[in-house]
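Here is a short note to read alongside the structure, written for someone meeting it for the first time. Please keep the view open and follow the points in order.

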Amino acid sequence: MTQSLPGQRPAQEQAFTGRGRPPVVVVGAGPYGLSVAAHLRAAGTPVRVFGEVMGSWRHAMATGMFLKSTPDATDLSAPEPGGRLADFRREHGEPELTELTPIPCDVFVRYGQWFQKRYVGEVEPARVTSVERAAAGPGFVVRADDGQELAASAVVVATGLNGLAYVPAELRRLAPEGPGPHAAVSHTSHHTDLSLYAGRRVAVVGGGQSALESAALLHEAGATAQVLVRERTVLWGMVPEPARSWPQRLAKPASPLGTGWVLAAVCASPGGVRFLPASARLLLFRRALGPSGGWWLRDRVMGVVPVHTSRRVTAAVVRGPEVHLDVVGPGGRRDALTVDHVLAATGYRLDLDALPCLSASVRHAVACVPGSRAPALRGSFESSVPGLYFTGSLAAPMFGPMMRFVAGTEFAAVRIARHLRTR
């Protein structure tokens, strides 16, 4: 069992002071899973957490990457004061981070591990392989890859973007056995070390933060990188202004996700987003916070790495050790590009069918948001299958863009824990 910090009651002891009913199983130990588990354990609700603590942040982010979010938008949700990123830094004698201080991913990983020890306790590293509805009565049967089989009164799916990486069909054909670091094409989520491509030519496809930061890291590791962007221009974040005048604050109010009335509104009331028509919610999900690069990244890319806008890959083929791309540019002009590897920074697709931890019968029973394969959720984050909850990015088409970021953990964790206490 993972020990709690001095002065705190062991989290595992808190977990088993309930009424003897089966535990709630939380699948995933990233920011959302840890936050939900912390609130459940503080309330004395039996809970078991499965997954590697901050696993995606450790294994699906290249070394040297930074968070795009500001410090105020990266706090996990603790059930009591003292669990913020600033508290973690203060306890370890590290300087406080400001809006003008990009946060290294490894700092955020250490913060998550500290949060787990302080508020969650034991996290089981086994991977959940199956969630089935119980044959008799409510609840579920959960199986893990270490051979465990247990009953669960409820299940919270907090798997983040695991398994949801999207590689367009024209690029996926480059790797019949599947994309990966050693195939002709990979996704940015496949990498922890981009120095693998030192001395090689790499085409980065995409125009968002992961594409631009990966291109910078590739260049700095000795690769010859270039970026192919579909849009006509690359967008960059604005340098934060910690002391804005009141007219500036009135014109563009601040929010955890940036400035502007739309972002401020959806962050202030994620629950209200749920009452919008499905088409409006999906439009908000797809359009709000489109692809852009962090303000602090611009000088590492522009004028350093070739960035080609209005470019679209229409065909790709492997010939020997090289990859040949057909690229359509401005005005329909066609170009041929030869590289050694293609890095797809093409984002993620929310699709319940890509979650192998849910049995086929459970997936088919979950109602989806019309026009998508994301789960339709009640205000408590419960799906149409009683006792099955979804949080994090999978909840964004219901509650808005804040669920795509750590800033949404407070809203989600409080509501899920409250609903589970009353079930």
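**Notes for a first look**

1. Let us begin with a small sheet. Three strands make up an open sheet in the order β3-β4-β5, and their pairing is antiparallel. At its edges stand β3 (128-133) and β5 (149-152); each has a single partner strand, so one side of each is left without a neighbour in the sheet. Ignoring direction, neighbouring strands here are turned by 25 degrees against each other on average. Between β3 and strand β4 (residues 140-144) there are 5 bridges, with the two strands running antiparallel. If you would like a place to check this pairing, look at Glu132, whose bridge partner in β4 is Val141.

2. A word on confidence before going further. This is a predicted model, and the protein chain has an average pLDDT of 92, with 95% of the residues scoring at least 70. Residues 1-18 need care: the pLDDT is below 50 over this stretch, which has 37 contacts in the model beyond near neighbours in sequence.

3. Next comes a sheet with parallel pairing. It is open, has 4 strands and follows the order β2-β1-β6-β17. Which strands stand at its edges? They are β2 and β17 (388-390), and because each has a single partner strand, one side of each is left without a neighbour in the sheet. From one strand to the next, the twist averages 15 degrees.

4. You can walk through this sheet strand by strand. β1 and β2 pair in the parallel sense over 4 bridges, and Val26 has Val49 in β2 as its bridge partner. Another 4 bridges link β1 with β6, again running parallel; here Val25 has Val155 in β6 as its bridge partner. Strand β6 (residues 154-157) is in turn joined to β17 by 3 bridges, also in parallel. Val155 serves as a useful landmark, as it stands opposite Leu388 in β17.

5. Now look at how the side chains of β1 are arranged. Val24 and Val26 point one way from the strand, while Val25 and Val27 point the other way. Are these four residues buried or exposed? All are buried.

6. A helix belongs in this picture too. Helix α2 (residues 31-42) lies across β1 (24-27), β2 and β6, and runs at about 165 degrees to β2. Together, β1, α2 and β2 make a right-handed β-α-β unit.

7. Arg48 deserves a closer look. This residue is found in strand β2 (residues 47-50). Which side chains does the side chain of Arg48 meet in polar contacts? One is that of Glu124, at 2.8 Å, and another is that of Gln148, at 2.4 Å. Leaving aside neighbours within four places in sequence, the residues in contact with Arg48 include Val24, Val25 and Val26, as well as Pro23, Arg41 and Leu150.

8. Two residues have backbone angles worth checking. Met54, in the loop between β2 and α3 (55-59), has a positive phi of about 55 degrees although it is not a glycine. Ser310, placed in the loop between β12 (307-308) and β13 (312-319), also is not a glycine, and its phi is positive, near 55 degrees. As for their surroundings, Met54 has a relative accessible area of 0%, so it is buried. Ser310, with a relative accessible area of 21%, is partly exposed.

9. Please look at His92 as well, in the loop between α4 (85-91) and α5 (105-120). Its relative accessibility is 41%, so His92 counts as partly exposed. A polar atom of the His92 side chain lies 2.9 Å from the backbone oxygen of Phe88. His92 and Tyr111 are 19 residues apart in sequence, and their C-alpha atoms are 10 Å apart in space.

10. Last, a short helix to explore. Which residues of helix α9 (residues 261-268) are buried? They are Leu263, Ala264, Val266 and Cys267. An α-helix has 3.6 residues a turn, so residues three or four places apart point the same way. The buried residues of α9 pack against β10 (254-255) and β11 (258-259), and also against α10 (270-273) and α11 (278-287).

Key. Residues numbered from 1 in each chain as written. Predicted model: local features only at pLDDT ≥ 70, side-chain atom pairs only at ≥ 80, totals over all residues. Heavy atoms only, no water. Polar contact = N/O pair within 3.5 Å; in protein donor to acceptor, adjacent residues only side chain to side chain. Contact = heavy atoms within 4.5 Å. Pairing = 2+ DSSP bridges. Axes fitted to C-alpha atoms, helices over the stretch in contact; angles between N-to-C directions. Buried < 20%, exposed > 50% of the residue type's maximum accessible area, 1.4 Å probe, protein only. Right-handed = clockwise from strand over helix to strand, strands pointing away. pLDDT = per-residue confidence, 0-100.
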